[in-house]
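This report describes one protein chain, from its overall fold to individual residues. Please consult the sequence and the structure shown here while reading.

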Amino acid sequence: MPAAFPVLTRNRDFRRLFAAELVVFGADWFVMVPLLVLLPELTGGGTLGAMVLAVDTGILALLLPWTGTVADRVDRRKILIVSNAAAFLSVLLLFGVRSAATAPLALVAVGAIAVSKAFYSPAASAALPNLVDPADLAAANTVAGSAWGTMTVVGASLGGVVSSAFSPYVCFAVTAVCLLTGSLLTALIRRPMQAPRSGGGEPVRALAALMESLRYIGARPRLRALVTVKSAVGLGNGVLTVFPLIAAAHGVGALGAGLLFALRGAGALVGPLVMRPVLNRPSWLLPGLALSMGLYGLGYLGVAFTQWFPLVAGLVFVAHFAGGSNWVLSNYALQGEVPDALRGRVFATDMMLATLAIAVSQLVAGAAIDRVEPRWIIAGCASITLTYAIGWRIATRRLRPSAEPTFGITGTGELPPK
């Protein structure tokens, strides 16, 4: 067992949060992969599937600035429980997707699920440092980062298998059960998920609170670098819209599409585990982030011009090995530099930029998917990521490594001095 994982055995509350995220992330992909295969079968094209992905990420991008503020002002445990319950109700709408006429209902359902995730994600990321001791934060981030990758593997691969063996609607039912399980596990967490706030006055209004976090980021070059790093992979994420078409072109159908999504998760799982040493070496962080962006772009350039499906699958794994490393490295750095009172909003800004980049990429890819050969869509997305990586590294090459992280907690929730 990797050295990071003993934190699970020592910390009951972190173990419960990790388990809740496992079932939530697994549910997300257990429904998405069958849906992305079902929609082209119902409509005869790939546009609606691409729109589903774009709606999922676009709504996140629009809501995250506000939901991050909510994560700093409302009990994070309650946010996580209610978000999962709302997602459960939204999944039930997918049982109405039965024909080309009712296929657009998938956009409504996925959009509603995205609203729930917009509340869940910044609250979960901001809560994590409060559930572990500072010495365990690097290990906890490695483990938490593995949750998404692990359940993308499990959810995507099982989603493809169950959808092929039974039907997508069985997958939707399993997803609903998983979401309720996530709410139950979160309710069992006892440790506070945020530091106590000082003062008894009225809470700051949402817009003023958001502007405070933006000023905080704007005054710190390292934070500006860290909240823009995920956008590189995001701008290349339009490649996901092509996965079902790649699988169909190679004659492997739903199983092949599920495999590609599963390998995406496997790369995101293995990458953070292998790259964990970078978390304890501040001088490696920024070069490591630039390298991860570049490797993602190079991996998908290879996918664009490869005709052999096993090699395509291997390159997808390599690309998301880099992408998963990128995500966890930047998350850990942000958690170490941002005070608890602002952490939800800063993470929301970080995720907003990333998901906005993803939504733009997927919308553009979706508009082109029925008009342009898939390989040129993949090559275009990969080239954008590679170009972004080079520009980002040039812009950040003179930034100094961070000092030892304080994890931003002063005991009162007040901001530490600059």
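The account below moves from the whole chain to a helix pair, the salt bridges, a surface patch and selected buried positions.

## Overall architecture

The coordinates are those of a predicted model. The secondary structure of the chain consists of 17 helices and zero strands. The chain has 418 residues, of which 57% count as buried. Its exposed area is about 16400 Å², and carbon and sulfur atoms supply 69% of that area. Considering contacts between residues at least 6 apart in sequence, 87% join residues at least 24 apart.

## Helix 2 and helix 3

Two packed helices are described by the angle between their axes and the distance between the axes. Helix 2 spans residues 12-43 and helix 3 spans residues 47-73; their axes come within 8 Å and cross at roughly 145°. On the side of helix 2, the contact is made by M32, L35, L36, L39 and T43. Helix 3 contributes L48, G49, V52, L53 and D56. Sorted by class, the residues of this contact are seven nonpolar, two polar and one charged.

## Salt bridges

Side chains of opposite charge can pair when their charged atoms come close. A search of the whole structure finds five salt bridges, and the table lists pairs from among them.

| Pair | N to O distance | Accessibility class |
|---|---|---|
| D136 and R10 | 2.7 Å | D136 buried (17%), R10 exposed (53%) |
| K117 and D56 | 2.8 Å | K117 buried, D56 buried |
| E373 and R375 | 3.3 Å | E373 partly exposed (44%), R375 partly exposed (32%) |

The side chains of D136 and R10 meet with an N to O distance of 2.7 Å. D136 lies in the loop between helix 5 (105-131) and helix 6 (137-165), whereas R10 belongs to helix 1 (residues 6-10), so the salt bridge ties together parts that are 126 residues apart in sequence. The two partners differ in exposure class: D136 counts as buried at 17% relative accessibility, while R10 counts as exposed at 53%.

D56, named above in the contact of helix 3 with helix 2, also forms a salt bridge with K117, at 2.8 Å from N to O. This pair links distant parts of the chain, since K117 is in helix 5 and D56 in helix 3, 61 residues apart. Both K117 and D56 are buried.

In the pair formed by E373 and R375, the closest N and O atoms are 3.3 Å apart. E373 is partly exposed, with a relative accessibility of 44%, and R375 is likewise partly exposed, at 32%.

## A nonpolar surface patch

F166, V170 and V174 make a nonpolar patch of about 270 Å² on the surface. V174 is placed in helix 7, which covers residues 168-187. With a relative accessible area of 35%, V174 is partly exposed.

## Selected buried positions

T67 is found in helix 3 and is buried, with a relative accessible area of 1%. Leaving aside residues up to four places away in sequence, T67 touches A118, F119 and P122.

N130 is located in helix 5. Its relative accessible area of 11% places N130 among the buried residues. N130 and M193 are 63 residues apart in sequence, and their C-alpha atoms are 5.4 Å apart in space.

Helix 14 (residues 282-304) contains G297, which is buried with a relative accessible area of 0%. Beyond residues up to four places away in sequence, G297 touches A382, T385 and L386. From C-alpha to C-alpha, G297 and A232 are 8.8 Å apart, with a separation of 65 residues in sequence.

N326 has its place in helix 15 (residues 309-337). At a relative accessible area of 1%, N326 is buried. Not counting residues up to four places away in sequence, N326 touches V229, K230, V233, L289, S292 and M293.

Methods
Residues are numbered from 1 along each chain as its sequence is written. This is a predicted model: local features need pLDDT of at least 70, side-chain atom pairs count only at pLDDT 80 or more; totals for chains, interfaces and linings use all residues. Side-chain values use heavy atoms; hydrogens and water are left out. Axes are lines fitted to C-alpha atoms, for helices over the stretch in contact, and angles run from 0 to 180 degrees between N-to-C directions. Helices (H or I, at least four residues) and strands (E, at least two) are DSSP runs, numbered from the N terminus. Contact means heavy atoms within 4.5 Å. Ala, Val, Leu, Ile, Met, Phe, Trp, Tyr, Cys and Pro count as nonpolar, Asp, Glu, Lys and Arg as charged, and the others, Gly among them, as polar. Buried means under 20% relative accessible area, exposed over 50%, partly exposed in between (1.4 Å probe, protein chains only). Accessible areas come from the Shrake-Rupley method with a 1.4 Å probe; for residues, only the protein chains shown count as cover. Patches are made of residues with over 30% relative accessible area and no salt bridge: like charges are joined within 9 Å, nonpolar side chains (Val, Leu, Ile, Met, Phe, Trp, Tyr) within 5 Å. A salt bridge is a side-chain nitrogen of Lys or Arg within 4 Å of a carboxyl oxygen of Asp or Glu.
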